[in-house]
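Good morning, colleagues. I should like to take you through one structure today, moving from its sheet to its helices and then to individual residues.

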Amino acid sequence: MDIFYNKHYITADEQGRIVDGWSDGPHPDRDTAGAVCINEQGGYQFRLFPGGEENPPLRTADGIPLWRWDGERVVPRAGEEIAADRLPGLKPAKLSELSAACNAAITAGCGVTLSDGSTGHISLTAEDQINLTNACAVVEGGAAGYPYHLDGELCALYPAADIAAMGRAATAHKLYHTTYYNHLAAWVRRCGTAEEVSAITYGAELPEDLAENMAVILAAAGGGTDGV
């Protein structure tokens, strides 16, 4: 009795990563140009190896190829190779995460010490920043005071010195967080592994060289010593 075999094919990218695999049983009309036949005497369903799993997964859950064609045979990719493939996609995602955390930290606002020694807190949403900028402009123009409100307090007429103090606190707060994010981003971009990228969080202590550079920038700007 004649035995009928199916051919099993794979396609690999320029790095040898296997990106697809099929049998001409279920797919008799599929174009095989550029494909490698890994088994000319296979069964109906595709297998990477004789006796192996039918239609095995070729990628991780996040789409990274699990197998490589070394020119002669199919071999599993090392964990380091798979992790390295994740790196280009992880970096933009991490930068977005850190940027969102930076914006949240800025809009959460900061504390301020007033001329009488009392303290309060100011929020710094986009609207708050506009309002405070306007208030500062008015007192810088010569006004003795301006109405404003601290978080949880009624609007009150604050003397020019207090409005100026709020403006300085807000500027230092925003400078700190934008500068910190900039240095976190530099840290992410120079990471060489997915594990390094994943470990970076908003509030993490910067590597020594980046921390020193950030301190120099803040000192030159005359402030921005807020904490995360």
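**Strands, helices and cores**

Let me begin with a single pair of residues: A12 has I18 of β2 as its bridge partner. Please bear in mind throughout that this is a predicted model.

That pair belongs to a wider pattern. Strand β1, residues 6-12, and strand β2, residues 18-23, are joined by five bridges in the antiparallel sense. Another pair in this register is Y9, which stands opposite W22 in β2. Between the two strands of this hairpin there are five residues, and G16 adopts a positive phi near 85 degrees.

What does β1 pair with besides β2? Strand β3, residues 36-42, runs antiparallel to β1 and is connected to β1 by four bridges. Here I10 is found opposite V36 of β3.

Taken together, these strands form an open sheet of three, in the order β2-β1-β3, with antiparallel pairing. β2 and β3 are the edge strands, each pairing on one side only. On average, and ignoring direction, neighbouring strands of the sheet are turned by 15 degrees against each other. As general background, strands of a sheet pair through backbone hydrogen bonds, either parallel or antiparallel.

Is β1 mostly covered or mostly open? β1 is mostly covered, with five of its seven residues buried.

I turn now to the helices. How are α1 and α3 arranged with respect to each other? Their axes come within 10 Å and cross at roughly 170 degrees. An angle over 145 degrees counts as roughly antiparallel, and α1 and α3 are therefore roughly antiparallel to each other. On the α1 side, the contact includes K91, K94, L95, L98, S99 and C102. On the α3 side, the participants include H173, K174, H177, T178, Y181, L184 and V188. By class, the contact comprises nine nonpolar, four polar and five charged residues.

Next, the cores. The largest nonpolar core has 21 residues, and those touching the most other members are Y180, L184, W187, I200, Y202 and L206. Which elements give two or more residues to this core? They are α1 (79-107), α3 (160-190) and α5 (208-221). Apart from this core lies another, of 17 residues, which includes V112, L114, C136 and L150. In general terms, nonpolar side chains in soluble globular proteins tend to be buried together.

I shall close with two individual residues. The first topic is T179, which lies in helix α3. Is T179 buried or exposed? The cut-off for buried is under 20% relative accessible area; T179 has 7%, and is therefore buried. Leaving out residues up to four places away in sequence, T179 touches M214, I217 and L218.

The other residue is L66, in the loop between β3 and β4, the latter spanning 67-69. Its relative accessibility is 25%, so L66 counts as partly exposed. Where does L66 make its contacts? Setting aside neighbours within four places in sequence, L66 is in contact with P57, L58, R59, T60, P76, R77 and I82. For a sense of distance, L66 and L132 are 66 residues apart along the chain, and their C-alpha atoms are separated by 55 Å.

Thank you for your attention.

Notes
Residues are numbered from 1 along each chain as its sequence is written. This is a predicted model: local features need pLDDT of at least 70, side-chain atom pairs count only at pLDDT 80 or more; totals for chains, interfaces and linings use all residues. Side-chain values use heavy atoms; hydrogens and water are left out. A nonpolar core is a set of buried Ala, Val, Leu, Ile, Met, Phe, Trp, Tyr and Cys residues joined through side-chain atoms within 4.5 Å. Buried means under 20% relative accessible area, exposed over 50%, partly exposed in between (1.4 Å probe, protein chains only). Two strands pair if DSSP finds at least two bridges between them. Axes are lines fitted to C-alpha atoms, for helices over the stretch in contact, and angles run from 0 to 180 degrees between N-to-C directions. Angles under 35 degrees count as roughly parallel, over 145 as roughly antiparallel, 65 to 115 as roughly perpendicular and the rest as oblique. Contact means heavy atoms within 4.5 Å. Ala, Val, Leu, Ile, Met, Phe, Trp, Tyr, Cys and Pro count as nonpolar, Asp, Glu, Lys and Arg as charged, and the others, Gly among them, as polar.
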